[in-house]
Amino acid sequence: MAEKKPRIEDRIFDLDECMPRDRLTELQIDRLNRAIERARHVPFYADRLKNVGEIKSLDDVKRLPFTTKQDLRDGYPLDFMAIRRDEIARIHGSSGTTGQMTFVPYSRRDMDNWGNLCARFLSSGGLKPKMLVQVSFGYGLFTGGFGLHYGIERIGAAVIPAAAGNSERQLAILRDIQPDALVCTPGYALNLAEILQAEGITLPHLKVGFFGAEPWTDEMRARIEDELGLFATDNYGLSEVIGPGVSGECPWRHGMHINEDHFLVECLDPETLEPVKPGEKGEIVLTTLTKEGMPVIRYRTRDISNLNPEPCPCGRTGVRMGRVTGRSDDMLVIRGVNVYPTQIEEALLRIREAAPHYEIEVTRPGALDVATVRVEMLPGMFSASMKEMVALRDRIVQAISSITGIRMEVELVAPQTLQRFLGKARRVTDRRAKDEDKQ
Amino acid sequence: MKIHQIAIFMENKPGHLMGICRTLAGAGVSITTLSLADTQQYGILRLITESWEKARAVLDKAGYVVNITEVLAVEVVDKPGGLLQVLEIIGGGDINIEYMYAFTFRHGEKAVMVFRFNDPDKAIALLSNAGVKVLDGVTLFNGMN
């Protein structure tokens, strides 16, 4: 749903956001060539870029190699780093266990760019200097908290680093400090709104909200805005590329402007890897143009979205990316956390040498996602003692939580009762879209 | 002194118990006694049968998850305070009862109960010393007939 007219004053943070397209293309080609040179410090790329000469037009991007999440995992811990150890200013990481985690090093300049990129979408979503912002995103290896934090400071607003979780504390801050802006996942915003309503707390100061890290819908946005009385914008990013700051909405809210001066974007058919027609759905593929610590070339995000190249009334020239509507792999985003079904398998392997058959169901009965893992019983797992059975279930819950970082419901079911699929196992049922229709 | 209990994992779904009984009936296995522990999602069916090995084999084959546990069949005087007497002996030895259930028949003038103790050997020693009879399989199933 496009806004007819923005409800907030638009403040363009960085004039580079409005760079004419021809100049932007020139800049991209220039930066891409320099990015390729930096990437040659990484053995993975040195090998694959051997026969790649100078990039003369953006069409030449086709000649560049792709990078997948698995490539990054194989490069554990820092094989993709293109700077010296003493040039590292920060290391973030993506969720996962030791074996699956990926570390992302940043240089000083990367940190500086990151703050600027986050400031861009914060400013376009209505954040002004001197506002008070409650950041209810996780701080730590996760990029969400810190990225937003730097963007807020860059604008000259004040941060309340509430971090994720502990709703009671979050509510106390909202009620007693009365911030002007809120940063969290959309699901968490709805959850807070429900509690606020139940407790009769009003937040007259709250004006703007920045919600990301998980997919949401226009209906959810309408509810959040209605219940919290704020103007809500969406933003997008991923830790492998930089974190938040890849793209964000302007006040017209018809897609998220990609910061194309820092990221080269393609929208490809995930099967053929050929570009889709403008506006059509495809996988978002990103190349970092300025990143020094860990440059990535044609990184396959697996996020399915679309690109809208039409000029935007706001004046920003960055192409607009639609909402992420799905994945071209089996990754799930549950309460803002990335989860792969293989992580569940890993957890079950801690319980038993041969993992039992399982399935995952994700629902959204209220505002928050609920993930349920159903596990088929195997002879070695079963005990006649109820105490031991309850302990078994708790152990599975614990193992899943320590590997994925989130708590899931675990149900034990009889053998051969879960559906079997020939070939590629379809272990995930996502009912969230349907649940939302019902609300 | 110990007898074998067969436990079967059950889903809380209509027809599940019937399937188990049909499997046992088809193999000519007679259930002497049983108990059912349930949660919202699943149940544990525990049963005693003379032909436990055969029962295990047919249930395994039918795809059920089966577990064999050693339990004690203890004679209990069938009058007020009968069970209390047994519990006092056990309690004195710091032994924990994980679960228990009853047989439907009497052994002479006594009732018989199935106990799962956390330390079955210690329980046998304590009960025998106190003059409480712990029945072995042969005595138990002979008494039935």
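How many residues of domain 1 of chain A are in contact with domain 2 of chain A? Keep that in mind while you load things up, and remember that this is a predicted model.

**Stop 1: the two domains of chain A**

Colour chain A by its domain assignment: domain 1 runs over 15–328 and domain 2 over 334–438. Put a marker at each C-alpha centre and you'll have two points 30 Å apart. Now for the opening question: 13 residues of domain 1 of chain A are in contact with 11 residues of domain 2 of chain A. On the domain 1 side, select α7 (186–199) and α8 (218–228) of chain A, which each supply at least two residues. The biggest giver there is α7(A), with four residues. Colour that side of domain 1 by class and you get three nonpolar, seven polar and three charged residues.

**Stop 2: the sheet**

Stay in chain A and show the strands. You're after an open sheet of nine strands, with mixed pairing and the order β4-β3-β5-β6-β7-β8-β9-β14-β13. Its edges are β4 (158–160) and β13 (307–308) of chain A, each pairing on one side only. Zoom in on the β13(A) end: β13(A) pairs with β14 (residues 320–321) of chain A in the antiparallel sense, over two bridges. One bridge to pick out joins Asn308(A) to Arg320(A) in β14(A).

Next, bring the helices back. α4(A) packs on the sheet and touches β6 (208–211), β7 (231–238) and β8 (243–249) of chain A, with its direction at about 30 degrees to that of β8(A). α8(A), which you met at the domain contact, also packs on the sheet, where it touches β6 and β7 of chain A. The direction of α8(A) makes about 130 degrees with that of β7(A).

**Stop 3: Gly255(A)**

Click on Gly255(A), in the loop between β8 and β9 (256–258) of chain A. Is Gly255(A) buried or exposed? It's buried, because 23 other C-beta atoms lie within 10 Å, and 20 or more is enough for that label. Leaving aside neighbours within four places in sequence, the contacts of Gly255(A) are Asn308(A), Arg320(A), Met321(A) and Gly322(A). Two of those names should ring a bell: Asn308(A) and Arg320(A) are the bridge partners from the last stop. For a distance label, try Gly255(A) to Asp234(A): 8.7 Å from C-alpha to C-alpha, with their positions 21 residues apart in sequence.

**Stop 4: α4(A) against α5(A)**

Select helix α4 (residues 108–124) and helix α5 (residues 143–155) of chain A. They pack with their axes 7 Å apart, at an angle of about 75 degrees, which makes α4(A) roughly perpendicular to α5(A). Show side chains at the contact: among them are Trp114(A), Cys118(A) and Leu122(A) from α4(A), and Leu148(A), Tyr150(A) and Arg154(A) from α5(A). The contact residues divide into eight nonpolar, five polar and one charged.

**Stop 5: Arg298(A)**

Jump to the loop between β11 (282–288) and β12 (299–305) of chain A, where Arg298(A) sits. Arg298(A) is partly exposed, with 18 other C-beta atoms within 10 Å. Beyond four places in sequence, Arg298(A) touches Leu64(A), Pro65(A), Phe66(A), Thr67(A), Val285(A) and Thr287(A). Lys62(A) is 236 residues away in sequence, yet 9.4 Å away in space, C-alpha to C-alpha.

**Stop 6: chain A meets chain B**

Finally, show both chains. The contact takes 17 residues from chain A and 16 residues from chain B. On chain A, select α10 (386–404) and β20 (409–413), the elements that give two or more residues. By class, the chain A side has 11 nonpolar, four polar and two charged residues.

Methods. Residues numbered from 1 in each chain as written. Chains lettered and ligands numbered in written order. Predicted model: local features only at pLDDT ≥ 70, side-chain atom pairs only at ≥ 80, totals over all residues. Contact = placed C-beta atoms within 7 Å. Nonpolar A, V, L, I, M, F, W, Y, C, P; charged D, E, K, R; others polar. Axes fitted to C-alpha atoms, helices over the stretch in contact; angles between N-to-C directions. Parallel < 35°, antiparallel > 145°, perpendicular 65-115°, else oblique. Buried ≥ 20, exposed ≤ 12 C-beta atoms within 10 Å, placed from the backbone. Domains from an automatic or database assignment. Pairing = 2+ DSSP bridges.
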